[in-house]
Each structure stands twice: as structure tokens, then as C-alpha cells.
Amino acid sequence: MEDRKWWKEAVIYQIYPRSFADSNGDGIGDLNGITARLPYLKELGVDVIWLSPVYKSPNDDNGYDISDYRDIMDDFGTMEDFDRMLKTAHSLGIKIVMDLVVNHTSDEHAWFACSRKSRDSEKRDWYIWKDPKDGGLPNNWGSFFSGSVWEFDEGTGQYYLHMFSKKQPDLNWDNPSVRDAVFDLMAWWCEKGIDGFRMDVISMISKDPSYPDGETNGGMFGNAMPYVCNGPHVHEYLQEMNRRVLKRYDLLTVGETAGVTIDEAKKYASCDGSELNMVFQFEHTDGTPGRELHFGKWTTEKPTLPALRKILNKWQTELEGAAWNSLYWDNHDQPRAVSRFGNESGKYRVLSAKMLATCLHMMKGTPYIYQGEELGMTNVHWESIDELRDIEALNAWKQNVVEGKWISGEYMMQCFDNVSRDNARTPMQWDDSPNAGFTTGTPWIKVNPNYVAINAKAALADPDSVFHYYRKLIALRHANPIIVYGRFVPLLMEDENIYAYERVLDGQVLTVACNWTDREVPCDLFEEPGRKLISNYASHKPHLLQPYEARVIIH
């Protein structure tokens with residue numbers, strides 16, 4: 001068996017603080033709300049909390065625009081509140097992983113304020129500034145949040161680069177002083193006692209120095225991805241980070257690596273431990289049909305099982321022995337898993353939520369649960385653009401519907417229902433009281449009306465709930481090394497309906513099969529005797545899997 005590590009055996013739970021639990025009735029989740037709900041997470045059985053950003057921020061991109069890395073956003077509380085949360089979590093045996101956002105800062109950060117003062121500022125080179133080209137933009141790159149990546153600064157007559165919002169200028173990692181400052185703030189948090197970092201868009205910290213135009217493919221702007229992801233110095237900088245900070249502490253480190261390939265992942269998450277523990281890849285969430293470049297991510301279509309299986313199996317088999325996988329269906333940037341991959345209808349929501357959980361948690365890698373996933377929370381239906389809060393969606397509406405007029409408002413709203421990030425950001429559904437028990441005030445974003453039926457109070461009381469199924473999955477991972485370390489062997493690779501695989505370790509074989517449809521389908525994988533580990537059905541039919549049935553046996 002390969003080297004045992006605590007972060008391989010752990011199950012991580014992501015909290016989006018603004019939407020988790022509000023302690024003071026202002027309609028916004030906060031740190032004290034998280035502290036009060038830690039016993040719930042202890043009962044679920046998770047080992048680690050990944051905390052989306054809680055740093056000081058003007059909140060242009062819900063905290064991913066940071067103005068002070070050593071302070072807490074006013075909405076969320078104080079540093080004393082953070083310290084109390086950290087101490088309470090540790091007392092319960094739960095670790096805390098911070099969200100490290102260092103590809104960019106807020107334009108209200110003191111570093112950027114200094115940088116934009118003049119071309120001669122001591123921090124001018126801490127960000128990426130370019131002169132106009134032929135009287136216009138330095139190149140044709142499009143921002144991930146619509147529009148150009150370049151914002152003109154009247155005071156100095158140059159453009160600064162922002163891959164996301166114009167209030168999120170990109171740092172210049174080629175400047176050693178920037179790296180010194182970042183490594184210093186990381187060490188500061190490690191000394192405070194945190195247990196790791198999830199690194200936001202860390203694959204983008206090294207850009208192609210020639211800044212060439214990107215392919216437009218019929219769109220308004222050029223594709224910057226080939227020139228900003230997995231750049232010429234990214235591994236050099238992460239190895240420096242590892243030497244100077246990470247290896248000094250016992251941390252979980254996971255990189256959000258847009259544009260990552262298998263070969264690049266083997267470098268980021270190499271078993272030699274020179275960079276990070278693992279990375280998030282996006283092929284299985286971004287590889288859906290209908291994503292024409294000029295519409296960006298916006299589609300009403302859903303992934304198909306054959307396409308999804310091909311991607312996930314590739315990552316399982318090709319990283320074997322070379323790098324470690326992270327496993328997830330959804331997060332703060334993705335729609336709800338049961339709506340996207342399963343069946344959110346009343347008849348099959350619970351069954352499909354359990355099936356998806358089984359399919360993922362039996363794979364090789366470290367699983368991540370996004371808040372509410374353990375309840376089978378669903379996407380929400382958006383009545384109008386006024387209900388949405390996400391800058392990505394609002395900018396897309398402006399670019400595609402208001403200005404471009406090449407997408408109808410009706411179709412765009414259907415896209416938002418399907419894939420908008422706000423689907424993941426509706427408040428956590430704690431009980432059936434007003435506002436789902438999230439707040440006594442007015443929620444910052446719409447509460448999903450189905451909270452009356454789908455909530456934690458009801459789930460805890462129901463032994464057959466999605467919550468208790470997740471508890472069992474987590475306990476099985478903790479008790480069975482084969483689930484963590486067993487080799488992944490794909491099965492039924494041509495089947496249109498069933499996702500199946502084996503895990504193999506020390507003479508043991510774990511067989512997993514999941515029906516991704518709402519009908520019975522033939523399956524002969526369980527005719528040999530074995531001990532049932534888990535299933536979302538109490539009884540089974542020979543040679544068949546029932547609708548959304550998941551079965552796991554060990555022999």
C-alpha cells in the first residue's frame with residue numbers, strides 16, 4: 001500500500017460563509033454562525049472544513065477580492081470570532097483549511113493603491129501594467145466575467161490586467177517581492193494554527209510574457225486560457241512556495257487549476273511532495289455539451305454519462321501512482337449536483353443524491369462535500385435577473401442579453417436555472433422555519449422555497465435521509481483502507497446507463513455499480529457472492545439495477 005497520509009483519508013466539507021448560518025440577524029452568514037453549527041458537522045463525520053474567503057473585502061466577487069489578508073470581512077465578524085471558531089473546530093477534531101486567493105487582490109488593497117499612484121511607484125511592478133497598443137487594448141483577451149481583461153487607468157495612462165472583475169487586478173508573480181509578501185502572509189496564517197490552503201486559480205499565477213492575442217472563434221474577445229494557465233514559471237513558483245512555507249507545516253493543500261491537463265496535474269500534485277497534495281480539475285464540470293465559446297459556460301443541456309465517465313475514469317487511471325485525485329460534484333462555483341447530474345424531482349431526488357454520493361465517494365482520491373449536498377439540496381428557479389447576485393451571471397446578462405442581444409432573456413434565465421453559481425449560494429436549509437432557519441433577518445439572496453421539505457432538521461430525524469447516507473459513506477472510508485488506497489479498475493465502459501468500477505487492494509475487491517437512469521437496467525456484476533457495504537435500496541433484484549440504484553460489495 002502507498003504512503004498513508006491524513007489528507008488522503010480525510011473527507012472535506014466546504015463552507016460558503018455568507019450562506020451557511022447567520023448569528024446576528026443581518027441576513028448574512030458569519031463566523032459565529034459557523035461555530036454554532038460545528039456539532040452538526042461533527043455528527044456528519046467530516047474531518048476538515050474548507051472555508052471560502054473570510055478576509056477583509058469590498059465583496060465585489062463575494063470575498064474573492066481581498067483588500068487585507070490579515071483581517072476579517074466586517075460581514076463575517078472579527079479575528080477574535082475566527083480564533084474562537086478555529087479553537088472550537090480543533091476541539092471537535094475538525095481541521096480548518098483557508099481559501100488562498102493570491103492570483104489577484106482587490107483594487108482596494110493597499111498594494112494596488114500604491115501600485116496605481118504613478119509609473120514610478122515602489123509597487124508598480126507588483127501588478128501587470130501595459131501601454132495601449134495602436135491606441136487601444138494591449139491584446140484581445142476576454143475576462144472570465146465578460147468584457148476585456150484590461151482596464152484603463154486615467155491617472156497613469158496604462159492598462160492593468162484583471163482576469164476576473166475589474167476590481168480584481170492580477171498580481172505579478174514574476175516580481176520576487178510579490179512572492180515574498182504572499183509567502184509571508186501564508187506563514188502568518190499557518191502560525192495561527194490553520195491546517196491547509198485551497199488555492200484559488202493557482203494555475204494562473206504565471207502568464208505568457210508575450211501576451212499574444214487569443215483565438216476569437218467568432219466571439220467578441222480572444223481566449224486567454226492558453227496564455228494564462230499552466231504558464232512558464234508556475235511550477236517553479238509553487239516549488240518555491242513549498243520550500244519556503246508548505247513543508248514547514250503539516251498541511252492539506254489543493255490547487256484550483258483551471259486549464260489543467262493530466263501531465264500538468266502530475267507536476268502540481270506529484271507524489272514526491274514538491275508542490276501540492278492535489279488539484280481540482282474541471283473537465284467533468286466544464287465538459288458539458290452546448291458550451292459554445294461566445295456563450296461561455298451558459299447552456300441548458302446536461303452532461304451525459306458516457307462523456308462524464310470517460311473523463312473521470314481518465315483521471316482515476318492516469319494519475320495512479322503519480323499524483324492524488326480530489327473528488328467533487330459541486331462547490332460554490334457549480335450548480336447543485338442532484339440538479340445537474342441526478343434527478344431533482346420528488347420521486348427520485350433522494351435516490352439520485354445517494355447514487356451520486358456513492359459513485360464519487362468510492363473512487364480513489366479525497367472527497368469534498370459542498371454545504372447542503374449532504375441534504376440533497378437542489379438548484380432554485382430564478383424568477384428574474386433581479387434575484388441573482390453573482391457578478392458572473394450579472395455581467396453575462398449585460399453582455400449577452402442587454403448589449404449583444406444574441407441570447408433571449410428567457411433562454412438566459414433557463415441557463416441560470418441550470419448552471420448559475422448562485423444555485424450553490426442560496427442559504428443553507430436548516431429547518432422549516434422562516435428563511436430555512438438561516439437568519440431571522442432578510443437573507444442576502446433568495447432561499448430555495450423547497451426548504452420546507454428539504455432541511456437539516458428533517459434529515460437528522462429521518463434514518464433513511466441523504467444526510468445519514470453520507471454519514472455512512474464517510475464512516476466506511478474511515479474504516480476501510482481499500483476505499484482510500486485501492487487501485488481503480490473501470491468496468492462496463494461502454495454501458496450507456498451504469499457507472500461501474502472496482503477498487504483492488506491486498507487481495508480484496510470492491511465492486512461499485514450505479515444506475516444513472518430512472519428505469520431498471522440489466523446488470524450482472526453482483527451475481528458472485530460478496531458482503532454488501534452500502535446501497536441506497538434495502539432489497540435488490542437479480543441481474544438488475546433499479547432506478548438510480550447504487551450498490552457496493554466487497555469480496
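In helix H5 of this predicted model, a good part of the side chains are tucked away: Val178, Arg179, Ala181, Val182, Phe183, Leu185, Met186, Ala187, Trp189 and Cys190 are buried. An α-helix has 3.6 residues a turn, so residues three or four places apart point the same way. The helix covers residues 176-192, and its 17 residues should span 24 Å at 1.5 Å a residue. The C-alpha atoms at its ends turn out to be 25 Å apart, which agrees. At the N-terminal end, Asn175 acts as the cap, with a side-chain oxygen 2.9 Å from the backbone nitrogen of Ser177. Just past the other end of the run, Gly193 takes a positive phi of about 115°.

H5 also contributes to an aromatic cluster. Ring pairs tie together Tyr55, Tyr69, Phe82, Trp111, Trp126, Trp188 and Trp189, and Trp189 is one of the buried residues of H5. In total, the structure holds 35 aromatic pairs. One of them joins Trp129 and Tyr160, which meet edge-to-face at 5.6 Å centre to centre, with 70° between the planes. This pair bridges distant parts of the chain, since Trp129 belongs to strand S6 (residues 129-130) and Tyr160 to strand S8 (residues 158-161), 31 residues apart. Trp129 has a relative accessible area of 11%, so it counts as buried. For Tyr160 the figure is 3%, so that ring is buried too.

A further pair brings together Tyr348 and Tyr548, this time tilted, at 5.4 Å centre to centre and 55° between the planes. Here the two partners are 200 residues apart: Tyr348 sits in the loop between helix H11 (337-340) and helix H12 (349-361), while Tyr548 sits in the loop between strand S19 (544-545) and strand S20 (550-554). Both tyrosines, Tyr348 and Tyr548, are buried.

Two arginines have their charged ends over tryptophan rings. Arg124 lies over the face of Trp129, 3.6 Å from the ring centre, so Trp129 has this arginine as well as its edge-to-face contact with Tyr160. Elsewhere, the charged end of Arg18 sits over the ring of Trp444, at 5.6 Å from the centre. The S6 and S8 strands that carry Trp129 and Tyr160 are part of an open sheet of 3 strands, in the order S6-S8-S7, with antiparallel pairing. S6 and strand S7 (150-153) form the edges, each pairing on one side only. Between S7 and S8 the antiparallel pairing runs over 4 bridges, and Glu151 stands opposite Tyr160. Tyr160 thus appears both in the sheet, facing Glu151, and in the aromatic pair with Trp129.

Another sheet is closed. In it, 8 strands form a barrel in the order S1-S2-S5-S9-S10-S11-S12-S13, and the pairing is parallel. Neighbouring strands of the barrel are turned by 25° against each other on average, with direction ignored. Strand S1 (residues 12-15) and strand S13 (residues 366-370) run parallel and are joined by 3 bridges. Within this pairing, Tyr13 has Ile369 in S13 as its bridge partner.

Further along the chain, strand S14 (residues 487-491) pairs with strand S15 (residues 498-505) in the antiparallel sense, over 5 bridges. Pro490 has Tyr501 in S15 as its bridge partner. The hairpin leaves 6 residues between the strands, and in it Leu492 takes a positive phi near 45°.

Leu492 has company among residues with positive phi. Asn230 is a residue other than glycine with phi near 55°. It lies in the loop between helix H6 (225-228) and helix H7 (234-244). With a relative accessible area of 18%, Asn230 falls under the 20% cut-off and is therefore buried. Tyr548, already met in the tilted pair with Tyr348, also has a positive phi, of about 55°, although it is not a glycine. Its place is in the loop between S19 and S20, and at 6% relative accessibility Tyr548 counts as buried.

Methods:
Residues are numbered from 1 along each chain as its sequence is written. This is a predicted model: local features need pLDDT of at least 70, side-chain atom pairs count only at pLDDT 80 or more; totals for chains, interfaces and linings use all residues. Side-chain values use heavy atoms; hydrogens and water are left out. Rings of Phe, Tyr and Trp (its six-membered ring) pair if their centres lie within 6.5 Å; planes under 30 degrees apart count as stacked, over 60 as edge-to-face and the rest as tilted. Helices (H or I, at least four residues) and strands (E, at least two) are DSSP runs, numbered from the N terminus. Buried means under 20% relative accessible area, exposed over 50%, partly exposed in between (1.4 Å probe, protein chains only). A charge sits over a ring if NZ of Lys or CZ of Arg is within 6 Å of the ring centre and within 35 degrees of the ring normal. The expected span of a helix is 1.5 Å times one less than its number of residues. A polar contact is a pair of N or O atoms within 3.5 Å; within protein, one must be able to donate a hydrogen and the other to accept it, and residues adjacent in sequence count only if both atoms are side-chain atoms. Two strands pair if DSSP finds at least two bridges between them. Axes are lines fitted to C-alpha atoms, for helices over the stretch in contact, and angles run from 0 to 180 degrees between N-to-C directions.
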